[in-house]
Protein chains: 2
Amino acid sequence: MSADAAGARREAVEGPVLVIGTGLIGASVGLALRRAGVDVLLSDVDDENLRLAGEAGAGRALEGDDVPVLVVVAVPPRNAPAVLAEASRRHPAATLTDVTSVKEGVIAEALSAGADPRRLVGGHPMAGREVSGSAGARKELLDDRLWVITPLAESEPEHVARVRRLAETCGAVPVEMSLAEHDAAVALVSHTPQVVSSVLAGRLADYETAYVRIAGQGLRDMTRIAASNADLWWDILTANAGQVADVLDGVIADLASTQAALRAVAAGEADGEGQVRRVLEAGRAGQALIPGKHGAPTTDFREITVQIADKPGELGRLFSAVGVAQVNLEDLRIEHVLGRPSGLVALYVQPDSADRLIEALQALSFDVRS
Amino acid sequence: MSADAAGARREAVEGPVLVIGTGLIGASVGLALRRAGVDVLLSDVDDENLRLAGEAGAGRALEGDDVPVLVVVAVPPRNAPAVLAEASRRHPAATLTDVTSVKEGVIAEALSAGADPRRLVGGHPMAGREVSGSAGARKELLDDRLWVITPLAESEPEHVARVRRLAETCGAVPVEMSLAEHDAAVALVSHTPQVVSSVLAGRLADYETAYVRIAGQGLRDMTRIAASNADLWWDILTANAGQVADVLDGVIADLASTQAALRAVAAGEADGEGQVRRVLEAGRAGQALIPGKHGAPTTDFREITVQIADKPGELGRLFSAVGVAQVNLEDLRIEHVLGRPSGLVALYVQPDSADRLIEALQALSFDVRS
């Protein structure tokens, strides 16, 4: 966890910081800032939410004579433009930022509504969607997360620097992008995968139940995010519709040419085989671009597969052994059979600690396969 | 593990069983049959492979006067038809089966080459691809796996029954399908997801590295299988090209209509919004069709999220606690941040054991979130 280290390395962002909206992200920002000793003011249209966030230690309620140095707008995307514009008027010297997941439309509307472009620096902390609601707020939520920051051409350097420092004080890693770059990036790595997953899962209903019954881990992985909240994703996809449609252009074109190649193969024309192979190889190359820890490609890790007995406590015994061997797990995966975890566990470690771990596991009679 | 239970419930398949090809599947079938006390004969064009499989306990080398009751052809798909036909001639009373992952072409070719349709009952054990090579062979490899069995119209009942018993003796669960149904089913749940994953991952190379850097767990899941072996998948996809192209028809059509809807939204036409919502909702419904343990939908499990401290041994302490509480994990997932596992672990359990587990974890001061 680098948050305390980051706090020690750099000065915390200057307060008071006003957080408007005390949901999951807003309350977590408050808790993280309080952890660093920053004075946090809270505001919410819902008095009960405000009270709960205060009791959880996310900050104190905003009062009439408070003068925030920085305002963090953490309200739903459709309310964010008006709240940013209002905050700009009410706090005429404060730096302004937000946390919405699509940036171009929100910031353009905020400017139209009167927000000051010199002080407005949009943001998007890339926190997981796995928990939601203010009850899930935690001071560690943003630790080690990327936090995209989208300065405008008019944004003054001191305001950009202050939003960067906000991210760092919360334990996150700031990354600057333009509004359009941010929206194109999330279209590529998040919104288009969601559409593809939903479409793929949606096809299953057209086939016999017996077909779906033989599904393995590949289909499970490909359709996991199709189970996501439809309302939330409808908001996101319609807010970033143009960028997502652009990425889908390429996906559809590649699928169509692959399909044509498969039809050629089925018709006995060997031409198609080269195209099928090119698609598979391009996929391998693209997958390897996704960064692992510290930006290292995940393929640099050694995979150690362990067959564990299917009885209570065996997972505990395995991970205890890893801990005792003082080996850091970079990743781990558990294979699924018939919808439940099977006895095959894949551990990913740095190459230089692989032999040590294998030896330690074998000494404890684990069935190690690699 | 239901293998021993299955062995106790039913009589093992009658031997001797001849396994031709001692790779991962062939050698694992041999080991599983030996576990049940069945006489196993082995044959392989490679003497060294044969010797190693014999030493591992998968069976004894076939000799001239052996008369197998059942022949399991476990050679690569392109050799399977000729080997099935040859086995049909050499062992004129034996039941014949294979283990190849695409069935219609292989079985049709075997029949053309002279295999006896009354004794030929194709098969496909749905074993993981996570390990490969004969060194990965294990007697438990097929435990609790589905094993698709594809009888022909001409197949005589005793031969179908014997192949079912083979699957059960190996610890697997037999499922009957026609050749075309099998190939359509694997096109839907395995081959098309592979194409979609490869195409999606292949798009990443067209964008800036900074975009890929902000990738989260969704993209990781969607592109994991894109890292699979290209040669292996080229073989599979070209062997099942027509069926995969048929499934891709529907995927491409749904993506194209979603894209058109997003373009409409981007152009300010509200019509598109309904279509986007329908796709998301169809995806949720389709995803829920994928069966969990004992056929129960995975959504029936309770999810318990635990924030663990990022220090060695914490995973071990967590899973030990689960073991001590005598709670069965139905599934588990570890969230990834910046390419490494974060401190968020999601445990999936039967609803009636959730409260007990939460209490046990809280008593040990774990930060439980649900």
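Student: Through what do the copies, chain A and chain B, meet?
Tutor: In this predicted model, local features need pLDDT of at least 70 and side-chain atom pairs count only at pLDDT 80 or more, while totals for chains, interfaces and linings use all residues. Residues are numbered from 1 along each chain as its sequence is written, and chains are lettered from A and ligands numbered from 1 in the order in which they are written. Since 99% of the interface residues of chain B are also interface residues in chain A, the copies meet through the same surface.

Student: Which relation superposes chain B on chain A?
Tutor: With copies superposed by least squares on the C-alpha atoms of residues with pLDDT of at least 70 in both, chain B is brought onto chain A by a rotation of 180° with 0.0 Å of shift along its axis, at an RMSD of 0.1 Å. That is the relation of a two-fold axis.

Student: How many residues does the contact take from chain B and from chain A, and which helix of chain B gives the largest share of its side?
Tutor: Residues are in contact if their C-beta atoms, placed from the backbone, lie within 7 Å, and the contact takes 120 residues from chain B and 119 residues from chain A. Helices are DSSP runs (H or I, at least four residues), numbered from the N terminus. On the side of chain B that touches chain A, the largest share, 18 residues, comes from residues 241-266 of chain B, helix α11.

Notes. Two residues are in contact if their C-beta atoms, placed from the backbone, lie within 7 Å. Helices (H or I, at least four residues) and strands (E, at least two) are DSSP runs, numbered from the N terminus.
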